[in-house]
Each structure stands twice: as structure tokens, then as C-alpha cells.
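Work through the exercises below with the sequence and the model side by side. Try each task before reading its solution.

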Amino acid sequence: MAQELMPLGSLEGRLLFAVPKKGRLLQAALNILEGADIQFKRENRLDIALVKNLPIALVFLPAADIPTFVGEGRVDLGITGYDQVQEHDAGTRALARARRMSNEWDPNRGKPHGCETVLDLGFGACRLQVQVPAKGEYVEGKDLIGKNIGTSFVHLAHEYFTRLELEQEGITDPVRAEGRKLRTKIIELSGSVEAACALGVADGIVDLVESGETMKAAGLKAIDTVVETSAILIKSKAPSNPSLVELIASRIRGVITAQRFVLCQYNVPRAKLADATRVTPGKRAATVTALDEEGWVAVSAMVETKRIAPVMDELVQVGATDILVLDIHNTRSS
Ligand SMILES: Nc1ncnc2c1ncn2[C@@H]1O[C@H](COP(=O)(O)OP(=O)(O)OP(=O)(O)O)[C@@H](O)[C@H]1O
Ligand SMILES: O=P(O)(O)OC[C@H]1O[C@H](OP(=O)(O)OP(=O)(O)O)[C@H](O)[C@@H]1O
């Protein structure tokens, strides 16, 4: 069914920012926007939302398409998975190869601008892995050469098996490598890829694994990793408003840092200060203030959230007292 359209005129002068429209990255991406005070109201069924307090329009797109829109410079900024950027880049390389093979190659024609990674957003971490039936005979990637592989990541899978086939055949000459046909059959699937082996469509799959629950439930095991991924902020190489891109990047960086760190405050005898600050060196340095009690100081330092429990244990051991751990709402540094 056709989407309702927003008058294109209302986008004029606005920076376009692509956000995943559904799936695993959507909620965390919305949290980041909220933390960066990007205020908008998304009307039902509309894939474009105007930001109220900044000259920005949000464009809700499938995560897999965001690298294309940003890479071609149609959208200035985007949140997507690193895996999706890698797949898009592998697709661009495949297209270039096909054009060279058919003598259509013109290095200046239709060359995309490409996209740049601005920062890792610290969520959506998972691995794109080669998976096979847990009880089957395949042990490593090369055992699948010449077999059927189900995946949504067809270009990365193609490059992965090309590398294995070239290694097996001892081909190092790039000209010979370019002309040859892949022996492994890559079958494009758009979802529920893990069902492909059980249903006899594929001998192995290349799909994302986070907890491993889906893989285990499908009776599969991982035998190799193609890409380690997490969500990233990407920007076009030719953004319409570079200073606004920088402002947004800086706000988002602040939100990410705030999520990754907590503020740890404690009192410690001055004689133990060096030991204590070795435990909590801070991001740049710990803040040390004198206490109104002879021989004591108060320390405050940012600590990675995931390390805070052992850090508190160590602080107690070096003689720190009154240890407090506070959430950081937001941060900004140059
Ligand atoms: N299990 C997972 N854990 C963490 N991140 C994931 C996981 N699965 C996917 N991702 C990340 O989210 C991105 C989008 O995947 P997701 O499955 O949500 O896609 P989608 O847009 O809903 O498309 P589809 O219709 O193919 O499911 C992936 O490219 C990856 O970066
Ligand atoms: O290792 P796990 O924690 O089990 O996560 C892995 C699953 O998550 C993703 O699918 P998702 O659930 O997003 O649905 P999809 O298959 O429709 O893409 C991915 O494609 C795997 O199937």
C-alpha cells in the first residue's frame, strides 16, 4: 500500500537523518535521539518526521537501505549496523567488478560518494557468522565450498567464499581471480534464514548471532565469523550542512559516553590517594578535592559501567569509604 507523502517543500533546508524504521535497532536509536534532544512526532504510517527544535527531518528506512541513501548523498546522517555498511560496500565492489567484466567500466560514471563512520553507538552488538547443522560433517568454512549457502548478506557471503576458494585453488593473481565464477552457490533469503538448513534449502547459512539462542534452537553451530558488528552513526561524504552534522554527532557522542560511564565518588586518606586513583584514573584524570578533615580527600572519577563492581571492591581494599555511584545524564567534551 502506498505511503502517505509529505510535501517535499517542507524538507527544504533540513538536514536528513535516517533512522531504522523497525527491528532490533529501532528502540535504541530512538533513545539516542531523545538523549540528544532531537524532538519530533512521528505521524502514523509516515516515514518522514520533521524535528521541532532543529532544522532536521528524520527519515525512517530499513536498516539495510540506510547505507545506500547516505552513501549516495541523498541523506546526510544515518544510524544502522556496521554489518549493513559492510554488505553495501561489498555490493558496490561487486557492481564495479561486473561493470569491468562487461567493459562498461567508467570510473567517473555514477560513482557514489560513499559514507563515513562517525562513531560506534555501543548497541546492536552481534556477529555475522557461518553456521552449519550442529550434528553434521562440516567443521570449517572451506568444507562448504561448492555447497548451497542461505543468507541475507549475499555480497559478504560471496566475498567470504571467494577468498576461501582462491586460497584452496592457490590463485593469487588478481586478474585470474576477477574473471572466475564462484563455485559455492549463494542463495538470497530475506528472513528466517536459520530455517534454511532444516528445510533442505541450504547446507550452511551466513546470519547474525547475538545470544546464540536462535542458532541453537535451529540445531546449528557457528564455524566462522565474517564480521563483528554494532550500530554506528554514519554520515555522507558530502553532507548538506557539515556544521549541523558535527553538532548532532557531538550531542550523540555525549549521550553514548553518558550511557557507558557512571560517576564514582568516594573519600580516601591522602596517604592512599595514589593507590585509589590507580583504580579510578578517570577519563582524563580524577577530580581530587580537600575534605574538611585533616589527611582525607574526596575523589570523583568516571568509571565504565561494566567495570564498576570490581572497581568498588578494589577501592574498599585500598581504604576508600563513603563510595557513591551516580548515573550520568549527559556529557560533552571537545
Ligand atoms: N540479534 C541481534 N542482536 C543485536 N543486533 C542485531 C541482532 N539482529 C540484528 N541486529 C542488528 O540490527 C540490524 C537490523 O536487523 P533486523 O533483524 O532488526 O532487521 P530488520 O530491519 O528488522 O530487517 P528484517 O526484515 O531482515 O528482519 C542488523 O543489521 C544488525 O546490525
Ligand atoms: O543470537 P540471537 O540472540 O538469537 O539473535 C539472532 C537472531 O536475531 C536476528 O533476527 P531477528 O530476531 O531480528 O529477526 P529476523 O530473523 O526476522 O531478522 C538474526 O537474524 C538472528 O535470527
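**Exercise 1: a four-stranded sheet**

Strand S12 (residues 261–269) and strand S14 (residues 296–304) run antiparallel and are joined by nine bridges. This is a predicted model, in which local features need pLDDT of at least 70 and side-chain atom pairs count only at pLDDT 80 or more, while totals for chains, interfaces and linings use all residues. Residues are numbered from 1 along each chain as its sequence is written, and chains are lettered from A and ligands numbered from 1 in the order in which they are written.

Task: find which residue of S14 is the bridge partner of Phe261, then place the strands in their sheet.

*Solution.*
- Step 1. Phe261 has Glu304 as its bridge partner in S14. Strands here are DSSP runs of E, at least two residues, and helices are runs of H or I, at least four, both numbered from the N terminus.
- Step 2. The open sheet has four strands in the order S13-S14-S12-S15, with antiparallel pairing. Two strands pair if DSSP finds at least two bridges between them.
- Step 3. Strand S13 (287–290) and strand S15 (321–327) are the edge strands, and each pairs on one side only.

**Exercise 2: a five-stranded sheet**

Task: give the strand order of the open sheet of five strands, and say why one side of S8 and of S10 is left without a neighbour.

*Solution.*
- Step 1. The order is S8-S7-S9-S6-S10, and the pairing is mixed.
- Step 2. Strand S8 (185–188) and strand S10 (220–229) stand at the edges; each has a single partner strand, so one side of each has no neighbour in the sheet.
- Step 3. Strand S7 (residues 148–151) runs parallel to S9, with three bridges between them. In one of these strands, S9, Gly204 is the bridge partner of Ile149.

**Exercise 3: helix H3**

Task: state how far helix H3 reaches from its first C-alpha to its last, and which of its residues are buried.

*Solution.*
- Step 1. H3 (residues 82–101) has 20 residues and reaches 29 Å, close to the 28 Å expected at 1.5 Å a residue. The expected span is 1.5 Å times one less than the number of residues.
- Step 2. Tyr82, Asp83, Gln84, Val85, Glu87 and His88 are buried (20 or more other C-beta atoms within 10 Å of the residue's own, with C-beta atoms placed from the backbone).
- Step 3. Asn103 follows H3, and its phi is positive, near 55°.

Key
A residue is buried if 20 or more other C-beta atoms lie within 10 Å of its own, exposed if 12 or fewer, and partly exposed in between; C-beta atoms are placed from the backbone.
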